[in-house]
Amino acid sequence: MPGTVWLASDIHLGPQVPATQAAFHDFLDMAGRQADALVLCGDIFDAWVGDDAALEAAPPWLAATLEKLRQTASLIPLWLGRGNRDFLLGGQLARSLGAHLLPDTVRLHTDAGDILLSHGDEYCTADASYQRFRRIVRTPWIQRLFLSLSLKRRLRIAQYARQRSMAANRHKQQDIMDVAPQAIASAFRSSGLGLMVHGHTHRPARHELLVDGRACTRYVLPDWDYDHSIPPRGGWLAIGHGTMELRGASPQPQPQ
Amino acid sequence: MSTNPHVKLQTNFGDMVIELYQEKAPKTVANFLKYTQEGFYDGTIFHRVINNFMIQGGGFEADMKQKPTHDPIENEANNGLKNDKYTLAMARTSDPHSATAQFFINVADNDFLNFTAPTSNGWGYAVFGKVIEGTDVVDKIKAVKTGNKGFHQDVPVEAVVIEKATVVE
């Protein structure tokens with residue numbers, strides 16, 4: 001992927017975040033003009049119950065975003081990855097948008113070097129109950145079974161799962177919902193790469209670390225919230241020739 | 001008469017002259033002069049204006065398109081200069097050593113932006129110059145009406161444009 005590559009994740013679009021959606025649409029316009037490729041690595045949508053549902057019966061807000069994504073994909077290559085919320089996003093949607101579907105973990109060749117890219121939930125290995133859930137919902141036959149249900153039943157199951165998850169997360173300690181240092185180190189080790197980008201944790205940062213004496217850098221993408229957060233949150237990683245820069249999220253300096 | 005270099009910013013709100021503290025902030029001043037001499041700042045805007053705090057510019061064109069920059073520079077905030085009213089400092093991301101072209105003019109004494117420690121929270125913002133003529137222009141700019149523009153907040157409703165930046169001989 002030569003040139004300027006922009007990476008974003010965790011926009012969590014849904015019917016009730018109009019300001020976030022507007023900011024994201026502006027971002028897509030900007031990316032179309034200023035970037036050579038755009039990679040959205042997971043949780044673009046807060047929920048996803050199947051490509052067929054989105055393509056055949058999209059509510060107006062979703063139809064607007066899909067149209068915007070289609071426009072962007074007509075200008076620059078657009079890559080879509082799955083997150084822990086929209087893990088059912090699939091090839092049918094990607095094809096209809098003119099976009100490409102990303103594998104869960106991928107090695108991205110950029111002008112700033114090779115980057116290990118994923119959504120990031122696979123590194124939260126301290127959260128055993130989530131990892132168990134993740135294994136189940138990523139099982140192909142279970143996904144096929146779910147997608148064969150009527151849309152109404154799928155939505156009901158998704159809502160139930162979401163409520164269960166929110167109730168459970170209230171009792172989880174903060175640190176188990178972050179990435180586990182061992183999981184990060186092991187990913188750097190087995191990939192042999194020195195750069196990693198992921199989202200998921202909503203803890204945007206650049207972390208420098210040593211893995212077996214090797215200097216490694218891990219960028220965490222921000223989540224987006226223009227509806228409830230003051231100042232608004234959101235942003236992306238801009239990759240250029242030898243440069244990686246987190247943009248958009250809380251411009252600096254911030255007033256006291 | 002100081003031998004410090006001076007840069008004149010001609011804006012659609014009037015002109016200002018900036019003295020650059022070459023001795024205290026050599027890398028930052030060299031960086032600012034390079035962008036000035038390349039004409040990089042011509043046509044850029046003050047895109048982020050927060051009254052009683054600072055006015056930030058030098059990175060976006062009037063249509064809010066961000067201009068491509070050179071590599072980031074080292075943060076020289078540990079040079080003893082303070083973010084006092086009418087001083088210029090480099091803007092950056094949350095990474096202390098990420099300043100490129102964007103700068104801001106303090107419109108108040110912003111002590112909390114000063115260097116306190118070489119940590120990500122303590123680095124502060126590198127002061128490298130001061131407005132020595134045309135502070136009234138700064139006062140006019142800081143009071144303009146602002147709003148949200150797409151992805152950005154605190155954007156002047158009427159564009160504040162740096163029409164030309166020149167090194168004063």
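What is the mean pLDDT of chain B, and what share of its residues reach 70 or more?

## Confidence in the model

The mean pLDDT of chain B, where pLDDT is the predictor's confidence in each residue, from 0 to 100, is 93, and 97% of the residues of chain B reach 70 or more. For the complex, the predictor gives an ipTM of 0.86 and a pTM of 0.69.

This is a predicted model, in which local features need pLDDT of at least 70 and side-chain atom pairs count only at pLDDT 80 or more, while totals for chains, interfaces and linings use all residues. Residues are numbered from 1 along each chain as its sequence is written, and chains are lettered from A and ligands numbered from 1 in the order in which they are written.

## A sheet in chain A

In chain A, 6 strands (strands being DSSP runs of E, at least two residues, numbered from the N terminus) form an open sheet with mixed pairing, in the order β4-β3-β2-β1-β10-β11. Two strands pair if DSSP finds at least two bridges between them, and the edge strands, β4 (100-101) and β11 of chain A, each pair on one side only.

Strand β3 (residues 78-81) of chain A runs parallel to β4(A), and 2 bridges join them; Trp79(A) has His100(A) in β4(A) as its bridge partner.

## Where the chains meet

Counting residues as in contact if their C-beta atoms, placed from the backbone, lie within 7 Å, the contact takes 19 residues from chain A and 20 residues from chain B. On the side of chain A that touches chain B, the elements giving two or more residues are α1 (18-34) and β11 (244-247) of chain A, where a helix such as α1 is a DSSP run of H or I, at least four residues. The most comes from α1(A), with 6 residues.

Methods:
Contact = placed C-beta atoms within 7 Å.
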